[in-house]
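Open the model in your viewer and keep the selection tool ready. Each stop below tells you what to pick and what is there.

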Amino acid sequence: MEQISIEKLFFFIDSIKNVFSVFFSMGRRAKRTKVFYLISLLPVAMATLIKVTRMFSERSDIDGIYIFSNMIVVFYLQFLILILSLFFGISVCSEELEGKTLTYLTTRPVSKSAIVLGKYGAYTSLIILMTAAGLVFSFLILNANRFLKFSIYKTLLRDAVVLSLGLICYTAFFTFIGIVLKRSIMFGLIFSFGWESVIQYFPGSTQRFSIVHYLKSLLPGQTGGRFSFLLFRLEPSSPAFALFMLFLIAVVFLGLACLLFSLREYIIED
């Protein structure tokens, strides 16, 4: 009995790996991915423009790290990771329904949970790589005169980790939403640029009902500065609690997505 359970577990893990491999390869070559990759390079264009402007400006005393943390990372946190997570997370299920390929997938000797986990892993990996590429290029452009000062790279590493955690959580949430709701894109946009953009500035414990609160809690506090609005009214949770909540959010919504996708019967209309 125990041997059968172990074999089922290994088969399940292998199924996830196979689904991951297929959809990571397909996703990497998809036209949609190329479009979003170009969008993810917008911060690089911003960084280049800022760098050129500073070169010809009388005031070039603003530190590159400061601009990176207070403009580039803000753009990622408030806009880009939400857009990437929304469209890739929702497509885990919706693209199979719209493309009428769900029947083919579910008739293979692969569980529905493995399909969800494999596709989620593939798409999350893709958008993390997209984000990391733009983040690194932006950082290097803004700090071109300090390449050999290795202490500055801890800022890049910290911000990359925080944004990756955000992508993991948001994609898990939107994967769940894509399975539950038909008009998931509309709900996702309202959630991203309504709820998440507003509730984070509410005083007290209310702001803890947003994912972005826990991401901001992992960033260093700032006092003043022209771009410090990101942490305005932030009453941060402890880093340990923030990490726990981000892990919990991702696991809960991904688990619910697997459960609902496994139980629901989809009718593919011609």
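Start with the whole chain: of the 270 residues of the protein, 44% count as buried. Buried means under 20% relative accessible area, exposed means over 50%, and partly exposed lies in between (1.4 Å probe, protein chains only). This is a predicted model: local features need pLDDT of at least 70, side-chain atom pairs count only at pLDDT 80 or more, and totals for chains, interfaces and linings use all residues. Residues are numbered from 1 along each chain as its sequence is written, and side-chain values use heavy atoms, with hydrogens and water left out.

Now colour by secondary structure. The protein has 10 helices and 0 strands. Helices (H or I, at least four residues) and strands (E, at least two) are DSSP runs, numbered from the N terminus. Among contacts between residues at least 6 apart in sequence, 81% join residues at least 24 apart. Contact means heavy atoms within 4.5 Å.

**Stop 1: helix 6 and helix 7**

Select residues 112-142, which form helix 6. Add helix 7, residues 153-180. Two packed helices are described by the angle between their axes and the distance between the axes. Axes are lines fitted to C-alpha atoms, for helices over the stretch in contact, and angles run from 0 to 180 degrees between N-to-C directions. Helix 6 and helix 7 pack at about 150 degrees, with axes 9 Å apart. Their crossing is right-handed. A crossing is left-handed if the near helix is turned anticlockwise from the far one by less than a right angle, and right-handed if clockwise. Show side chains at the contact: helix 6 brings residues including Tyr120, Ile127 and Phe139, while helix 7 brings Asp159, Leu163 and Ile168, among others.

**Stop 2: the loop between them**

Pick asparagine 143, in the loop between helix 6 and helix 7. Is asparagine 143 buried or exposed? At 1% relative accessibility, asparagine 143 counts as buried. A polar atom of its side chain lies 2.9 Å from the backbone oxygen of phenylalanine 139. Beyond its neighbours within four places in sequence, asparagine 143 contacts Gly64, Ile65 and Ile152.

**Stop 3: the salt bridge**

How many salt bridges are there? The count comes to 1 salt bridge, defined as a side-chain nitrogen of Lys or Arg within 4 Å of a carboxyl oxygen of Asp or Glu. Select aspartate 159 and arginine 158: their side chains meet at 3.0 Å, N to O. Aspartate 159 is buried at 1% relative accessibility, whereas arginine 158 is partly exposed at 26%.

**Stop 4: helix 7 and helix 10**

Keep helix 7 and add helix 10, residues 239-263. The two pack at about 25 degrees, with axes 8 Å apart. That makes helix 7 roughly parallel to helix 10; angles under 35 degrees count as roughly parallel. The crossing is left-handed. Residues that meet here include Phe173 and Phe176 of helix 7 and Phe253 and Leu256 of helix 10.

**Stop 5: two buried residues**

Go to leucine 215 in helix 9, residues 211-216. Its relative accessibility is 0%, so leucine 215 counts as buried. Beyond residues up to four places away in sequence, leucine 215 touches Leu77, Ile81, Val162, Leu165, Gly166, Tyr170 and Leu246.

Finish at serine 192 in helix 8, residues 184-199. Serine 192 is also buried, at 0%. A polar atom of its side chain lies 2.8 Å from the backbone oxygen of glycine 188.

Note on methods
Polar contact = N/O pair within 3.5 Å; in protein donor to acceptor, adjacent residues only side chain to side chain. Parallel < 35°, antiparallel > 145°, perpendicular 65-115°, else oblique.
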